[in-house]
Amino acid sequence: MAAREKLDHGVLGSFSSRISPSHAGRAAENIAYGYETFDMTLEQWINSSEHRKNLLLHNASRIGIASAKDASGRRTYWAMEIAGDYAPKPVKGKKVSPVIARRAAAAADCHIKLLSLCL
């Protein structure tokens, strides 16, 4: 988006074609431009009903955040991919058990806390 100076979910192809290799059962994308910091961008997404809906995606377990400046270096573009409902990978000859619980992240492991998610 930054290289083309165009805020568009489809600038590098459809969202479904870009997210498909991840094998996520569900996914969403938030994009923005013009906010200098992630905090400012996140605040805008939280205050937008459609973006907030994506942030609260049911069963989301993975998130990716990226930012890039346009050629002038004045405008920052942001993208957040949110995904979940991954099917367990089968192990040859073994029955796969579902994950029941995960270790809670220690405060030192938390770089960003987003809607009670420790990233």
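A residue is called buried when its relative accessible area is under 20%, and in this predicted model both F38 and W45 are buried. These two residues belong to helix α2, which spans residues 38-46 and in which T41 and L42 are buried as well. When α2 is viewed down its axis, the buried residues fall within an arc of 95 degrees, and they therefore line one face of the helix. Such an arrangement can be read against the general geometry of an α-helix, which has 3.6 residues a turn, so that residues three or four places apart point the same way. On the other side of α2, by contrast, D39 and E43 are exposed.

The aromatic residues of this helix also take part in ring contacts, of which the model contains 3 aromatic pairs. In one of these, the ring centres of F38 and W45 lie 6.5 Å apart with their planes at 70 degrees, and because an angle over 60 degrees counts as edge-to-face, the pair is assigned to that class. Together with W78, the residues F38 and W45 form one aromatic cluster.

Strand β2 (residues 60-69) and strand β3 (residues 76-84) run antiparallel and are joined by 9 bridges. The two strands form a hairpin with 6 residues between them, and in the turn G73 has a positive phi of about 80 degrees. Within this pairing, R62 has A83 of β3 as its bridge partner, while R62 also lies over the face of Y86, at 3.9 Å from the ring centre.

Technical notes
Residues numbered from 1 in each chain as written. Predicted model: local features only at pLDDT ≥ 70, side-chain atom pairs only at ≥ 80, totals over all residues. Heavy atoms only, no water. Buried < 20%, exposed > 50% of the residue type's maximum accessible area, 1.4 Å probe, protein only. Helix = DSSP H or I, 4+ residues; strand = E, 2+ residues; numbered from the N terminus. Arc of directions from axis to C-beta. Phe/Tyr/Trp six-rings, centres within 6.5 Å; stacked < 30°, edge-to-face > 60°. Lys NZ or Arg CZ within 6 Å of the ring centre and 35° of its normal. Pairing = 2+ DSSP bridges.
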